[in-house]
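Got the viewer open? Let's take a short walk, starting with one helix and then pulling back to the whole chain.

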Amino acid sequence: MASRQGALDRAAIFFDQGHFKALLGDLVAIPSTSQEAGAEAALTQYLEEGIAPWAQRLGFETVIHPNPLPGFGPILTGIRIEDPAFKTVVLYGHGDTVRGLEDQWRAGLKPWALTEEGDRWYGRGTADNKGQHALNMAALEAVIAERGGKLGFNVKLVIETAEERGSKGLKEFVAENAGLLAADVLIASDGPRVEPAMPTIATGTRGTFHFDLVVKFRDGGVHSGHWGGLTRDPAVILAHAIASMMDRNGRVLVRGILPPSLPNSVRTVLDGCPVGGGADAATIDAGWGEPGLSSAEKIYGWNSLIVLAMVSGRPENPVNAVAPDARAHCQIRYTVDSDPAGFTAAIRAHLDAAGFPEVAVENSFVRMPASRTDPDHPWVRWAQASMQKTLGKPVQIIPNSSGGLPGDVFIDHLGVPLVWVPHSYNGCKQHGPDEHLLVAPAREGLLAFAGMWWDLGEKPVS
């Protein structure tokens, strides 16, 4: 007779006999970067050759749609309806990757080839996001096989190819196809666990707000010997302006870009939550950031201000001149507890009050909005219970992951709660050379999803 353990055993055999590794290797071999000109055909290839035939074998009716926004990659939908009365899950993933950076990978590794070394599978997309959505689909396959072709629930698959460019077009696509994609919950995977060995559920993501700080005094540089000491240096003014916005220990002084407080529900769920396991411990500076918050509260429940880039003159080829201007590109990672619509005004008011009217705030925009489902939502607690039953260990819930994902799109246009179950870890180097997926968490992720898919067909959330 079909059983939950039978589904788990099927998933484990698929992984342990090397079938999942081979499948992932085929997906990684498709150079589907969305960040390099000339790679557009590979985005379509990933959906046409990597995902669509597999999804069709699992009983999905697939369509590859052009992106509503010109210049961005296509979107695949797969619809599998067993009974309109059953619960329906949206299963999301993205098939595009960041740049390959071929010349930066260490000897023996290539971005578009899966290479196994020890407990790691190297290759572009192994962690972000090919490996993650492939695990979830492989778990579906195990349950379908165990139940003799049935799931006991409906699935709507959405695989986009512009996530690494801010998921451009996804919002418009989901809004236009809200009826087609109507569902009860989004269950998907991206991003890192809080620690490699600790299964994690994130109920949202922080948003990303970008802006430039610009100081411009003249059209060209002036001789440093003749004018140095007499004319204002834009780099010095900009440095002081940034220093007025954040103190020596990383405390943000522009209080208008921060949440009014840390919600009790967020504080409760983050009590005892670890941070940084498996990554370079030296990158966590205990005294940096908002005083009185734990490391978990700082990255999962609070806002951060980061200077992503800063330039004045030509550092690569300096000349003896006082530069005409200086520019810094900055980012705010923010939670749903603060409103990005007021960020620009708050920054402007702060700079004026601090005596920096000459520092302009330009090019402000939200790249990816914040999202969050209540950590105590029934679907979240259902997923936690299912995963703990399968894995026999605690599952950490966090109110939002530290990175950005398009969860807001599905909340705004489908009204679904978010259950993100990451299979990676924060040392996976997902946006740099030597990206990799850890084998043990990947195997756990496959089993966890096989258990959830089985449980969803047995006793879904009411």
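On this tour, two residues are in contact when they have heavy atoms within 4.5 Å. Keep in mind that the model is predicted.

**Stop one: the helix.** Select residues 343-353, which form helix α10. Show side chains for F343, A346, I347, H350 and L351: these are the buried residues of α10. Now look down the axis of the helix: the buried residues fall within an arc of 130°, so they line one face of α10. The spacing follows a familiar rule: an α-helix has 3.6 residues a turn, so residues three or four places apart point the same way. Swing round to the other side of α10 and pick A345 and A353, both exposed.

**Stop two: the cover.** What lies over the buried residues of α10? Add β10 (207-216), α7 (234-245), β14 (325-334) and β15 (360-368), which are among the elements covering them.

**Stop three: after the helix.** Click on G355, which follows α10 and has a positive phi, near 90°.

**Stop four: zoom out.** Colour by secondary structure, and you have 13 helices and 19 strands to look through. The C-alpha atoms fill a box of roughly 90 × 50 × 45 Å along the principal axes. For 462 residues, a compact globule would have a radius of gyration near 23 Å, and the 24 Å found here agrees with that. Colour by burial next: 54% of the residues count as buried.

**Last stop: the charges.** Select the 40 positive and 52 negative side chains; the centres of the two sets lie 2 Å apart.

Notes. Residues are numbered from 1 along each chain as its sequence is written. This is a predicted model: local features need pLDDT of at least 70, side-chain atom pairs count only at pLDDT 80 or more; totals for chains, interfaces and linings use all residues. Side-chain values use heavy atoms; hydrogens and water are left out. Helices (H or I, at least four residues) and strands (E, at least two) are DSSP runs, numbered from the N terminus. The radius of gyration is taken over C-alpha atoms; the globule rule is 2.2 Å times the number of residues to the power 0.38. Buried means under 20% relative accessible area, exposed over 50%, partly exposed in between (1.4 Å probe, protein chains only). Lys and Arg count as positive and Asp and Glu as negative; His and the chain ends are not counted. The place of a charge is taken as NZ of Lys, CZ of Arg, CG of Asp or CD of Glu. The arc is that of the directions from the helix axis to the C-beta atoms.
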